[in-house]
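The exercises below concern empty space inside a protein model and at its surface. Work through each task before reading its solution.

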Amino acid sequence: MTGVTIAHQGRVPGGGPGHPWAVRYGLRLAVLAAALALWQALSEAGLVRGDEFPSMTATVSALGHQAASATLWTAVRDTLAGWAIGLAIGCGCAIVVGSLAGLSGFAYRSVIGVVEFFKTIPVIAILPIALVLWGATLTMKVALVSFAVFWPLVIQACYGVRSLDPIARDTARVLRVRGAREFLLVVLPSAAPFIATGLRVSVAVALIVDIVAELIGGGSGVGAQILLAENSGPSAYPVMYAYILVAGLLGVLLAGLFTLAEGRVMHWHESHRMAASHAA
């Protein structure tokens, strides 16, 4: 009885406050509330100028007005379109190329130098080229996002494929698992944790590049609305900061959705099983 009692300490039936997830998210909400309160307090104390850094209430009020109009949702739609299409194209190509390079030692030695070189090129450096080729269009944003996410992920996919356990490879050969079946049943599951890590980074990078392309390159979306509000003068600064908050909220939302999807897809992996056991 004593062992059973100890094992159930801290667990509240029905998902009460004693659950680890409740404590974890409660702390996050408390920190967020404290940060917002500090923001408002600094504004009311006059430590920051209202014409340069609007108060929290003014920014939230501007956000509410924007949310009531079609402008905000159109901007979010345009940003998500560039993000999703660019991410899909860049990640799809990276997984294919990285897997093929990882399966062959000769191919790996041939392409790794090129990949390492292009990985170091800042995306902002090729923005003028993209503007010349496609102008301030969706195609321009998609091209930049695809370029940004391709190089880091292709390295992750390549390393993941090359990290295949020799015992697993030999076992597949003994069982006569060859070709596409070997890749799908042995190689890809082994590389999945590496690819998942690269995808997790790519989700955030794609959104950053997308908004920067809108902000500097003139493509439509959240970034373009930030630039428009900035150019409208101090009276529009609350709107500018409202769209900055929207960009942050989009990042948090997309990262959270990917984390949930990763947990479902990778539930079989040891790291996720351990995380689930700790959270239980």
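**Exercise 1.** Identify the residues that line the largest cavity of this predicted model, and assign them to helices and to classes.

*Solution.*
Step 1. The lining of the largest cavity consists of V97, G98, A101, V111, I112, V115, V154, I155 and C158.
Step 2. Three helices each give at least two residues to this lining: helix 4 (70–103), helix 5 (105–119) and helix 7 (138–162).
Step 3. By class, eight of the lining residues are nonpolar, one is polar and none is charged. Gly counts as polar, so G98 is the polar residue in this lining.

**Exercise 2.** How many cavities of 30 Å³ or more does the structure hold, and how much space lies in the largest cavity?

*Solution.*
Step 1. The count at this cut-off is one cavity.
Step 2. The space in the largest cavity is about 50 Å³.

**Exercise 3.** Describe the second largest pocket by its volume, its lining and the helices that supply the lining.

*Solution.*
Step 1. The second largest pocket holds about 220 Å³ of space.
Step 2. This pocket is lined by 12 residues, and those closest to its centre are A192, A196, L199, V265 and M266.
Step 3. Helix 9 (179–217) and helix 11 (237–265) each contribute at least two lining residues. The largest share, five residues, is from helix 9.
Step 4. Sorted by class, the lining of the second largest pocket has 11 nonpolar residues, no polar residues and one charged residue.

Notes:
Residues are numbered from 1 along each chain as its sequence is written. This is a predicted model: local features need pLDDT of at least 70, side-chain atom pairs count only at pLDDT 80 or more; totals for chains, interfaces and linings use all residues. Side-chain values use heavy atoms; hydrogens and water are left out. On a 1 Å grid over the protein atoms alone, a cavity is a set of points where a 1.4 Å probe fits but cannot get out, and a pocket is an open set with protein on both sides within 12 Å along at least five of seven lines; lining residues have an atom within 4 Å of a point. Grid points are joined across faces, edges and corners, and a volume is the space filled by probe spheres set on the points. Helices (H or I, at least four residues) and strands (E, at least two) are DSSP runs, numbered from the N terminus.
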